[in-house]
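Please open the model in a viewer and keep the selection panel at hand. The tour proceeds by selections, each followed by an account of what is found there.

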Amino acid sequence: MKKCVFSGTFDPPTSGHKKIIEKCLALFDEVVVAVMVNTDKKPLLSEEERKALLEKLFSGEKRIRVEIFDGAAVDILEKENTPFYVRGVRNTIDFEYENANYFANKKLKDDIITVYIPAEQDSLQVSSTLVKNSVKFHKDYANYLPEEIRTDFLEMIKNKNI
């Protein structure tokens, strides 16, 4: 059975994230979506809120498990007993960043196998930052969030100072 880990902050989960996870399902028997705790970022949503959105987004899919993880990517790969680490890339900037991380991770976990999945053309500009900025400036962001979680996201941000 092949299992992969796809990690990120998912603040919030976007339509681009959804497409990458769906591609993971075509390649792997089990997908662990790791909501990473990143102390360098100031998230809009709590880890629990992000996990809840991802679980709702994939509520009918038994091959996906969403976990909150506070540690390095190599640590969750060890915990999940898999070498497969999936990264979505939208452009050359993402690729350079992910490739540098790959070489750093390879020194920590020699058997790591990083799988780069390119974003679809209609998702190249989609990012969690774009969604947050759209919310902040009262711009339409409906196309950037999966329809299944739009209402939940709106409810979660209703009382936040954005």
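The stops below cover pockets, a cavity, two loop residues and a helix.

**The largest pocket**

The model is a predicted one. Begin with S7, G8, K41, R87 and E98. The largest pocket encloses about 1000 Å³ of space, and of the 39 residues in its lining, S7, G8, K41, R87 and E98 are the closest to its centre. Next, colour β1 (3-8), α1 (15-27), β4, α4 and α5, the elements that each give two or more residues to this lining. Among them, α4 gives the most, with 6 residues. By residue class, the lining of the largest pocket comprises 14 nonpolar, 15 polar and 10 charged residues.

**The largest cavity**

Keep α4 displayed and add Y85, R87, E98, N101, Y102, N105 and T114, the residues that line the largest cavity. The structure holds 1 cavity of 30 Å³ or more, and the space in the largest cavity is about 30 Å³. Which elements each supply at least two residues of its lining? They are β4 (84-89) and α4 (92-108). The greatest share of this lining comes from α4, with 4 residues. Its lining divides into 2 nonpolar, 3 polar and 2 charged residues. R87 and E98 deserve a second look: both line this cavity, and both are among the residues closest to the centre of the largest pocket.

**K109, in the loop after α4**

Follow the chain from α4 into the loop that leads to β5 (113-118), and select K109 there. Is K109 buried or exposed? Its relative accessibility is 6%, so K109 counts as buried; the cut-off for buried is under 20%. To see what surrounds the residue, display V74, L77, E78, T82 and P83, which K109 touches when residues up to four places away in sequence are not counted.

**F28, in the loop after α1**

Now move to the loop between α1 and β2 (30-36), where F28 is located. F28 counts as buried because its relative accessibility is 6%. Draw a distance between the C-alpha atoms of F28 and C4: the separation is 6.6 Å, although the two residues are 24 residues apart along the chain. C4 is also one of the contacts of F28, together with K2, K3, R63, F84, V86 and V115, leaving aside neighbours within four places in sequence.

**Helix α6**

Select residues 147-157, which form helix α6, and highlight its buried residues I149, F153, M156 and I157. Turn the view to look down the axis of α6: the buried residues fall within an arc of 80 degrees, so they line one face of the helix. The face turned away from this buried side carries the exposed residues E147 and T151. What covers the buried residues of α6? The cover includes α2 (47-57) and α5 (128-136).

**The second largest pocket**

For the last stop, select K42, P43, L44, T129, K132, N133, K136, K160, N161 and I162, which line the second largest pocket. The volume of this pocket is about 260 Å³. Its lining is made up of 3 nonpolar, 3 polar and 4 charged residues.

Notes. Residues are numbered from 1 along each chain as its sequence is written. This is a predicted model: local features need pLDDT of at least 70, side-chain atom pairs count only at pLDDT 80 or more; totals for chains, interfaces and linings use all residues. Side-chain values use heavy atoms; hydrogens and water are left out. On a 1 Å grid over the protein atoms alone, a cavity is a set of points where a 1.4 Å probe fits but cannot get out, and a pocket is an open set with protein on both sides within 12 Å along at least five of seven lines; lining residues have an atom within 4 Å of a point. Grid points are joined across faces, edges and corners, and a volume is the space filled by probe spheres set on the points. Ala, Val, Leu, Ile, Met, Phe, Trp, Tyr, Cys and Pro count as nonpolar, Asp, Glu, Lys and Arg as charged, and the others, Gly among them, as polar. Buried means under 20% relative accessible area, exposed over 50%, partly exposed in between (1.4 Å probe, protein chains only). Contact means heavy atoms within 4.5 Å. The arc is that of the directions from the helix axis to the C-beta atoms.
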